[in-house]
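Could you walk me through this model in my viewer? I'd like to know what to select at each stop and what is there.

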Amino acid sequence: MATIKTIGILTSGGDAPGMNAAIRAVTRAAIYNGFRVMGIKRGYYGLVYNEIGEFDTKSVSNIIQQGGTILKTARCKEFTTVEGRRAAYENMCRHQIDALVVIGGDGSLSGARIFAEEYNIAIVGLPGTIDNDLGGTDSTIGYDTALNTIVEAVDKIRDTATSHERLFFVEVMGHMAGYLALNGAIASGAEAAIIPEMETEIDQLADLVSRGFRKSKNSAIVLVAENPETGGAMGLAERVRREFPEYDARVTILGHLQRGGSPTAADRILASRMGAQAITALIEGQRNVMIGIRNGELVYTPFAQATKHKCKLDATAIEIVKMLSI
Ligand code: F6P
């Protein structure tokens with residue numbers, strides 16, 4: 001593998017708060033260590049269509065506190081094709097980019113793995129997604145901010161739920177992973193979380209009703225992980241209205257507001273540490289790994305393992321929601 005002189009950086013997939021802090025850290029750590037940095041716009045799309053420009057230390061000034069990504073992001077269909085990746089590689093050569101830092105989630109890092117294997121390129125990934133659904137890391141960049149956004153929203157919904165004595169289904173994102181729903185439920189004191197990792201939604205709903213969530217309380221909040229297969233919170237509310245008309249059920253879908261906002265201190269620190277480590281990893285000769293954090297230590301996980309993660313949620317967390325909502 002040739003010596004690395006120029007590093008390209010891109011953000012891909014769904015944006016996540018803290019991506020800008022990561023871009024800043026990668027850029028500055030790279031320049032500090034004598035590398036040239038190229039910013040690639042709109043994720044892999046910019047690599048395929050040559051939307052690439054040089055970054056200096058000022059390019060990343062005043063962004064650590066901003067949500068979103070100054071590089072923009074996209075889900076790029078072209079990059080899933082052989083021709084698209086060839087065009088991407090040619091543009092890397094045109095700009096003499098020797099290595100890439102890719103900030104994104106599951107799909108983005110899977111794309112990085114294929115590209116790295118096809119063209120023998122040095123790529124280091126940073127886990128940038130609110131979903132927290134990657135292996136090899138206790139937390140992804142953006143997850144903490146999204147959790148805090150959920151808690152803030154649920155606190156507000158609780159005011160009206162209590163006043164009207166209603167049952168609320170609050171749908172959160174997660175891309176078929178229940179971290180946001182489960183930990184959001186613990187942090188907001190919700191009565192239950194309905195998540196894809198557990199039995200079927202129907203069983204979970206029946207369990208909830210059989211526990212009689214109105215016995216000791218006059219209102220309840222249930223956090224529901226989005227689930228296109230079952231209809232998520234809307235589907236559950238429909239069922240409750242049909243089968244348990246005594247409950248006054250309402251739905252709030254938090255949607256994309258969970259992806260916005262200024263990153264929390266925890267996400268800024270995580271992004272800064274991981275971004276700087278991405279450059280250390282390239283200097284150390286690490287290739288095709290994702291930077292993660294485990295018990296406070298930064299660790300490397302090959303892309304193939306990071307993206308194959310089958311979410312194992314802590315069973316005690318599920319029990320905690322139940323136990324603490326009596
Ligand atoms: O992966 C991040 C995420 O926000 C998921 O939680 C969600 O399912 C998906 O992206 C939504 O994607 P889009 O913004 O493309 O609709």
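Start by selecting His 256 together with the ligand: in this predicted model, a polar side-chain atom of His 256 lies 2.8 Å from an oxygen atom of the ligand. Next, add Asp 131, where a polar side-chain atom is 2.7 Å from a ligand oxygen atom. Then bring in Arg 75, which places a polar side-chain atom 2.9 Å from an oxygen atom of the ligand. Now switch on a surface for the ligand: taken alone, the ligand exposes 400 Å², and the protein buries 71% of that.

Which residues make up the rest of the surroundings? Along with those three, select Thr 129, Met 173, Gly 174, His 175, Glu 226 and Arg 259, and you have the residues around the ligand. Try colouring this shell by class: you should find one nonpolar, four polar and four charged residues. If you display pockets, look for the ligand in the largest pocket.

Time to zoom out. Give one colour to domain 1 (6–142 + 263–308) and another to domain 2 (143–259), the two parts into which the protein chain is divided. Place a marker at each domain centre, taken over C-alpha atoms, and 33 Å will separate them. For the boundary, select the residues that touch across it: 18 residues of domain 1 are in contact with 13 residues of domain 2.

For a last stop, keep the domain colours and return to the ligand. Its shell draws at least three residues from each of domain 1 and domain 2, so both colours should show up there.

Methods
Residues are numbered from 1 along each chain as its sequence is written. This is a predicted model: local features need pLDDT of at least 70, side-chain atom pairs count only at pLDDT 80 or more; totals for chains, interfaces and linings use all residues. Side-chain values use heavy atoms; hydrogens and water are left out. A residue is near a molecule or strand if one of its heavy atoms lies within 4 Å of it. A polar contact is a pair of N or O atoms within 3.5 Å; within protein, one must be able to donate a hydrogen and the other to accept it, and residues adjacent in sequence count only if both atoms are side-chain atoms. Accessible areas come from the Shrake-Rupley method with a 1.4 Å probe; for residues, only the protein chains shown count as cover. On a 1 Å grid over the protein atoms alone, a cavity is a set of points where a 1.4 Å probe fits but cannot get out, and a pocket is an open set with protein on both sides within 12 Å along at least five of seven lines; lining residues have an atom within 4 Å of a point. A molecule sits in a cavity or pocket if more than half of its atoms lie within 2 Å of its grid points. Ala, Val, Leu, Ile, Met, Phe, Trp, Tyr, Cys and Pro count as nonpolar, Asp, Glu, Lys and Arg as charged, and the others, Gly among them, as polar. Contact means heavy atoms within 4.5 Å.
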